[in-house]
Amino acid sequence: MDSNTGGATASVVKKHEDDEKPEKRDIKPVVKTLNRVPRACAPAPSLVTSADSSDIEDDDNGELPPGGLVAPWEVLRGLADVAVERASKENGEGSEPQSRTRTPSPERSSRPSKRRKTNHPSPTFHDVVTKGIITEDEARELFKIFYDGCSTFLPVFNHEMDTYDSLHERSPFAVDAICMVAARVRDAGGKPSEVHLKLLEEVQNIARATLFAPVVRAEAVQAMVLVSGWSDNGWLSGGHAVRMAMELSMHMAWPKLHQRIVSAKMDKEADKDLVVASRIWFCLYLFEHQLSYGTGRPAIMKDDETIRECRNLLHHPLAIDDDMRLVSTVELVKIRERVHNALSPLEGPVLSEHVDKIRIADQDFESWYKIWDYAFSKKWPDAAFYRQSLQIQQIHAQLFHNATALRGINGPDDVQKMPQAQRELAIRSIQIAQKGLDITVNSPAYREGMKYAVHYTHATATFTASLLLRLTRLFPNDCDITAIRSQVEHLATLMSDLPGKRYALTLQVMLKRSKKRKSISSSSSRSPGLSREPRRSIAMIVEPTNQPSPTQAHPTQHHRNSEPFSPSYEAPFSGPANSHNHHLQVVTTSPAQPQHGHQPATADQIWQGFAMTAQDQLPVWISDQSLGGQSFSQHGMDAFLLPNDYLPAAPQIW
């Protein structure tokens, strides 16, 4: 994206925002950039922070270089270098990682070293091509897969600058991480390939070293972001990436870059590192908050000067296409952070003012969507994925925060007693959840994008379907249960063709629970004494007895999506009714117990362990009438997902 394109994009957003009249912003137009005296040293491809080298030398404002802030850590770094050197000797290697600098020796410290060194030591770690694990042709193929879709979800790399050839010279960690993520995508829903497992092992080895050695290159942080985003459990690695970024003073990058932008003092060469660091920091902010919503744990990064007025990044001549999507998501997360804080603490009771705050938040979410949908429609009028992704992000934000105001509903008795405002919120949640599933399973563009998505995106789709099934159970007269089950079945089929069986299994087991509920409703109407379920009110009966079972439901249902840019999604998603079970293998252990072997349990086996369990004793993740309760407050979306104990012990980053 050149400067004219970036300025035009930001101007479109600004113009539409003025029409919407949301929170007032002071965004100055970008004027002609001023020439600056280039630095004496050649610009390096990444940031470096150590006691004897500086990442950014800038005499503006007389600021202390970031490298000067970390000198007290040299003793610890010396210990870390000893550990790395010892590990290198044990591995038969005699040098240190490519992206590391040694602790200054007496000889080196006797001379000044204000400039970054251009000659790095020969690396301890080599990338997977150098080691012969994959060929260069395959690595290039994996890079293409990554930039075709994966980079859109966490845009920490620039496809024009961070090519295979460039990263092959700069960062074994980045090469391995990109190839590992792409190999996982290439494997789809099948068994992990040998290539993916070998790449994962290589990434693990380098990731471990970042715990004990100083981080001196931005590529290491970028690689760790990928490790976290495409990991089944990214909480620890994501937090580690934040600490790595802070070690490189990336939290200081945007305030400095923002000042240059609003002062019209931008320079492509001098600002290169600041733009990269700002982009990484924005990704970390939004991803940490996504992890927070997924796990129920508090986010450490806050809406402060390190991300404030992030939209101005689009004015910089080094802005790339993915920055528009990145900045829009950061702005959404800022709204969500504000709403989340307003509804806290989540451990307490739901108050009437919480519902009022949700209503105000909906207006903010709607305003956000209109502003950015207008901007995307002007820039990419035919790119359905970007605009549908905006809708999905808005829908999930609404659903998640609605769920926090509905978490106290644990059965039909609570429904009968709930205030009218809360009931209306529940009905509204059914409608927007159906719209979200409609886009996910019936839009060819979005369904294609799901193949490349981070785990958070898959988790949000599963959460949407799980919450929808629970709401239809509690409000059977306010929705089309058959159509909703069909949507969830199609999503389960889609998920079974993506990496990570947890999400498909979650939906498959919940559908079995829903099918059993229907079967019991039918048998109860003929012979009430046969039911082993607790006594239920009429509101708990979800369907008449003459409806087909989920596996017999016709795949075509009524769609409620009314986006002007996508009036139809071609053919609705279809496939064999039971195709979402064919990947799963049978094990001989007790179906009621979590699996600890090498084979996953099937949905049938997991369900058999709960088939005769009373409703009030079912765990929250399988219950079809609890809206989360305290489990949702404590564990976030994880409360609605199958526990990892039911999955085989897969290799993990940590």
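Buried means under 20% relative accessible area. The exercises below use this cut-off on a predicted model.

**Exercise 1. Classify Val129 as buried or exposed, and describe its surroundings.**

Solution.
Step 1. Val129 belongs to the loop between helix H3 (106–109) and helix H4 (136–149).
Step 2. The relative accessibility of Val129 is 16%, so this residue counts as buried.
Step 3. Not counting residues up to four places away in sequence, Val129 touches Ile134, Thr135, Glu136, Ala139 and Tyr164.
Step 4. For a link further along the chain, take Asp176: 47 residues separate it from Val129 in sequence, and the two C-alpha atoms are 8.7 Å apart.

**Exercise 2. Find what share of the residues is buried, and give the secondary structure content of the protein.**

Solution.
Step 1. The protein has 22 helices and zero strands.
Step 2. Of its 654 residues, 57% are buried.
Step 3. The exposed area is about 27900 Å², and carbon and sulfur atoms supply 53% of it.
Step 4. For contacts between residues at least 6 apart in sequence, 76% join residues at least 24 apart.

**Exercise 3. Determine how helix H10 packs on helix H11, and how far H10 is enclosed.**

Solution.
Step 1. Two packed helices are described by the angle between their axes and the distance between the axes.
Step 2. For H10 (residues 253–262) and H11 (residues 272–295), the angle is about 125 degrees and the axes are 8 Å apart. That makes H10 oblique to H11, and the crossing is left-handed.
Step 3. On the H10 side, the contact uses Ala253, Trp254, Lys256, Leu257 and Arg260; these meet Leu274, Val275, Ala277, Ser278 and Phe282 in H11. By class, the residues of this contact are seven nonpolar, one polar and two charged.
Step 4. Seven of the 10 residues of H10 are buried, so H10 is largely enclosed by the rest of the structure. The buried residues are Ala253, Trp254, Lys256, Leu257, His258, Arg260 and Ile261, and H11 is included in what covers them.

**Exercise 4. Locate Ala264 and Ala188, and state what their phi values and burial show.**

Solution.
Step 1. Ala264 follows H10 and sits in the loop between H10 and H11. Its phi is near 55 degrees, a positive value in a residue other than glycine.
Step 2. Ala188 is placed in the loop between helix H6 (172–187) and helix H7 (194–209). Ala188 has a positive phi of about 55 degrees, and it is not a glycine either.
Step 3. Apply the cut-off to each. Ala264 has a relative accessibility of 11% and therefore counts as buried. Ala188 has a relative accessible area of 30% and is partly exposed.

**Exercise 5. Describe the two packing partners of H18, namely H19 and H14.**

Solution.
Step 1. Begin with H19. H18 (residues 455–474) and H19 (residues 481–496) pack at about 155 degrees, with axes 10 Å apart. An angle over 145 degrees counts as roughly antiparallel, so H18 is roughly antiparallel to H19. The crossing of H18 with H19 is left-handed.
Step 2. List the residues of that contact. H18 contributes His458, Ala461, Thr462, Ala465, Leu468, Leu469 and Thr472, and H19 contributes Ile481, Ile484, Gln487, Val488, Leu491 and Met495. They divide into nine nonpolar, four polar and no charged residues.
Step 3. Turn to H14. The axes of H14 (residues 384–406) and H18 come within 11 Å and cross at roughly 55 degrees. That makes H14 oblique to H18, and the crossing is left-handed.
Step 4. In this contact, His396, Leu399, Phe400 and Ala403 of H14 meet Tyr456, Thr460, Phe463, Thr464 and Leu467 of H18. The classes are six nonpolar, three polar and no charged.
Step 5. Relate the spacing to the helix. An α-helix has 3.6 residues a turn, so residues three or four places apart point the same way.

**Exercise 6. Identify the residues joined by the cis peptide bond and place Pro345 in the fold.**

Solution.
Step 1. The bond from Ser344 to Pro345 is cis, with omega near 0 degrees.
Step 2. Pro345 is in the loop between helix H12 (321–343) and helix H13 (352–379).

Definitions and conventions: Residues are numbered from 1 along each chain as its sequence is written. This is a predicted model: local features need pLDDT of at least 70, side-chain atom pairs count only at pLDDT 80 or more; totals for chains, interfaces and linings use all residues. Side-chain values use heavy atoms; hydrogens and water are left out. Axes are lines fitted to C-alpha atoms, for helices over the stretch in contact, and angles run from 0 to 180 degrees between N-to-C directions. Helices (H or I, at least four residues) and strands (E, at least two) are DSSP runs, numbered from the N terminus. Angles under 35 degrees count as roughly parallel, over 145 as roughly antiparallel, 65 to 115 as roughly perpendicular and the rest as oblique. A crossing is left-handed if the near helix is turned anticlockwise from the far one by less than a right angle, and right-handed if clockwise. Contact means heavy atoms within 4.5 Å. Ala, Val, Leu, Ile, Met, Phe, Trp, Tyr, Cys and Pro count as nonpolar, Asp, Glu, Lys and Arg as charged, and the others, Gly among them, as polar. Buried means under 20% relative accessible area, exposed over 50%, partly exposed in between (1.4 Å probe, protein chains only). Accessible areas come from the Shrake-Rupley method with a 1.4 Å probe; for residues, only the protein chains shown count as cover.
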